[in-house]
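Open your viewer and keep the selection box ready. We will move from stop to stop, and each one tells you what to select next.

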Amino acid sequence: MQNTSLVPGGVIGDGRYRLLTRSGVDRRCDAHLWRARDGQLNRDVALTVLVGDPADHAAAARAKRTAERAMHAASFTHPGVSRVIDVLTPGAGIRLDEGILGVIVAEWTQGTDLLDLVAEGPLPAGAATRLLEPLGAAIEGAHHAGLVLGADHPQRIRVTADGRLRLAFPGPRPDAIARDDVKGLGAILYLLLTGKWALPNGPDGVPAAPTGPDGSVLAPSALHPYVPHELSSVAVRSLEDTSVGGIRTSAAILQVLDQIAQSEAQTALIQPVPGDAADDGAVWTTQRPVRDKDRKRKLMISVAVLAVATLAVIVWLGVQIVSFFSDEPTGGGGPTVVIGQSTTPGQSGQPAPPATPAGPVQPASVGVYDVTNQPDNATRANRAVDKDPTTVWQTENYFEPFPALKPGIGLMAGFAEPVKLSSVTITSPSEGTVVEIRVAGTPGAPLSETKVIATATLSAGQTQIQLADHEPSQHLLVWITKLSGSGKNNRSEIAELVYTRAQ
């Protein structure tokens, strides 16, 4: 039942509140959000008006529960939440107009609507971080107090005059839990970074977040490559309900926001790196210039790899020449002559066809394998197998070591046919990187369905990893479980991968 007084100029609450402008509608709980004028105290207030048919007992019970939760939250004070002034319900000494099941009255938040802020486009990462931190802190404080705020709808949020996001229209849905506040925080971050809303039943006129083939929301960095990986990851992982990989507390979000804010303050003072170093794929402009020592090291690595490759080619040619002169073709149907042995085709004791010689085998494809659907520098994966150790594939720079934001990341190689490998040689300047070598049935196989056949810690330069005996496989994963570096700088590079076929 729609109340005819819910129009600008209408008066509700026993004639006390005159409606000025509507800020939005939360269709999930039939809540109309209004800016109104309190005629008794002569001030503006924020009204969350719960509407419905009084004869609908289920709707009335839901509205009553929302009002009760708002009353409980009235004792909680924080700059990130508008203070609840009053809660009006039927039979509480005040007459409510027909079709109104409850009204939550809160202090008015001066500033602008959140949707107006992103109407012109997404915000820079630093601005989004600074805006969101106060709201995240409010949610964290409320959860510690055992309260749910209901900060999971963009029209309930306003931007204060001093640049903070604030829950301007309190009143959680009757079935809302703390997890919904965390999801709301992630969705608001997603909105700030992309201009799109990532939860169901969003407001009209706001585009929904795009999803991938599996139905998961695409990461902000996939839509806008300039979005920092950590910020993109925390937005998406806050929305996930999975027990593995999902972010379930506002404290985890706040930690990343704080780290990015500190990084913003530091990198704002750093001059851009000149020359072609800008093409190194780093998220943050903290890449140091390449020194002569680094150039010499890369040159030495190049020479070593070239020597190994040359030796492998010489060995292969020798095998081919010996094979050519040792086999004499004969007329059809006669015996096949082998040095020291004479047999007839089809008879018992016939030797097997010559085995494929051991040596380097080039993969037909290589790609970044990432269980969070946010692959690091995916377009540069082929640099790890281009036979040029001066070009590298590198991970993003992570503020937290694995598995804080993801369990790991790797490169999945695909071969033209199943192969049995004896070793993998990794050329990398990232000393201390820990890798697992895994075989996989398909390039997109879940990590749990891959099999570990070796583990190693990389040294600076070449690291040859001997593989355990395994069945021939067409897909092999180099899976990084620990990045090089420490503190807030965790990143690894792979210059070359050389796969050696077993005899």
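## A first salt bridge

Select R166 and E107. Their side chains form a salt bridge, with the closest N and O atoms 2.8 Å apart. This is a predicted model, so keep that in mind at each stop. The pair links distant parts of the chain: R166 belongs to strand β9 and E107 to strand β6 (residues 100-107), 59 residues apart. R166 is buried, with a relative accessible area of 13%. E107 counts as partly exposed, at 22% relative accessibility.

## The sheet around β9

Stay with β9 and add its sheet. Three strands form an open sheet in the order β7-β8-β9, and the pairing is antiparallel. β7 (111-113) and β9 (165-167) stand at the edges with a single partner strand each, so one side of each has no neighbour in the sheet. From one strand to the next, the twist averages 35°.

Now select β8, residues 157-160. Three bridges join β8 to β9. To find one facing pair, pick I157: L167 in β9 stands opposite.

Next, show residues 125-144. This is helix α3, which lies across β8 and β9 and runs at about 30° to β9.

## More salt bridges

How many salt bridges does the structure hold? The total is 17. Select D175 and R173 for one of them; their closest N and O atoms are 3.2 Å apart. D175 counts as exposed at 54% relative accessibility, whereas R173 counts as buried at 14%.

Then jump to K420 and D469. Their side chains meet in a salt bridge of 2.6 Å, N to O. This pair also links distant parts of the chain: K420 is in the loop between β15 and β16 (421-428), and D469 is in the loop between β19 (461-466) and β20, 49 residues apart. K420 is partly exposed, with a relative accessible area of 33%. D469 counts as exposed, at 63%.

Finish this stop with a group selection: D26, R28, D152, R156, R173, D175 and D180. Salt bridges that share partners join these residues into one network.

## Strand β15 and its partners

Select β15, residues 409-419. Is β15 mostly covered or mostly open? It is mostly covered: eight of its eleven residues are buried.

Add β13, residues 365-369. β13 and β15 pair in the antiparallel sense over five bridges. Click G367 and its bridge partner M412 in β15.

Now add β20, residues 473-482. β15 and β20 also pair in the antiparallel sense, over seven bridges. Here A413 stands opposite L476 in β20.

## Backbone surprises

Most residues other than glycine have a negative phi, and most peptide bonds are trans. The next three picks break those habits.

- Select N377, in the loop between β13 and β14. N377 has a positive phi of about 45° although it is not a glycine. N377 is buried, with a relative accessible area of 12%.
- Select K387, in the loop between β13 and β14. K387 has a positive phi of about 60°, and K387 is not a glycine either. At 63% relative accessibility, K387 counts as exposed.
- Select F402 and P403. A cis peptide bond joins them, with omega at about 5°. P403 is found in the loop between β14 (393-394) and β15.

## A covered helix

Go to residues 229-239, helix α6. Eleven of its eleven residues are buried. Among them are charged names such as E230 and R237, along with L231, V234 and L239.

## Late in the chain

Select E493, in strand β23 (residues 493-494). E493 is buried yet has no salt bridge. Which side chain of opposite charge is nearest to E493? It is R491, 4.3 Å away. A salt bridge needs the atoms within 4 Å, so this pair does not count as one. Now show what E493 touches beyond its sequence neighbours: V392, W393, Q394, S428, P429 and S430.

Last pick: G487, in the loop between β21 (485-486) and β22 (489-490). G487 is exposed, with a relative accessible area of 53%. Add Y398. The two are 89 residues apart in sequence and 9.2 Å apart in space, C-alpha to C-alpha.

## Zoom out

Show the whole protein. There are eight helices and 24 strands. Buried residues make up 48% of the 503 residues. The protein exposes about 23,900 Å², and carbon and sulfur atoms supply 55% of that area.

Technical notes
Residues are numbered from 1 along each chain as its sequence is written. This is a predicted model: local features need pLDDT of at least 70, side-chain atom pairs count only at pLDDT 80 or more; totals for chains, interfaces and linings use all residues. Side-chain values use heavy atoms; hydrogens and water are left out. Two strands pair if DSSP finds at least two bridges between them. Helices (H or I, at least four residues) and strands (E, at least two) are DSSP runs, numbered from the N terminus. Axes are lines fitted to C-alpha atoms, for helices over the stretch in contact, and angles run from 0 to 180 degrees between N-to-C directions. Contact means heavy atoms within 4.5 Å. Buried means under 20% relative accessible area, exposed over 50%, partly exposed in between (1.4 Å probe, protein chains only). Lys and Arg count as positive and Asp and Glu as negative; His and the chain ends are not counted. Accessible areas come from the Shrake-Rupley method with a 1.4 Å probe; for residues, only the protein chains shown count as cover. Lists of a residue's contacts leave out its neighbours within four places in sequence.
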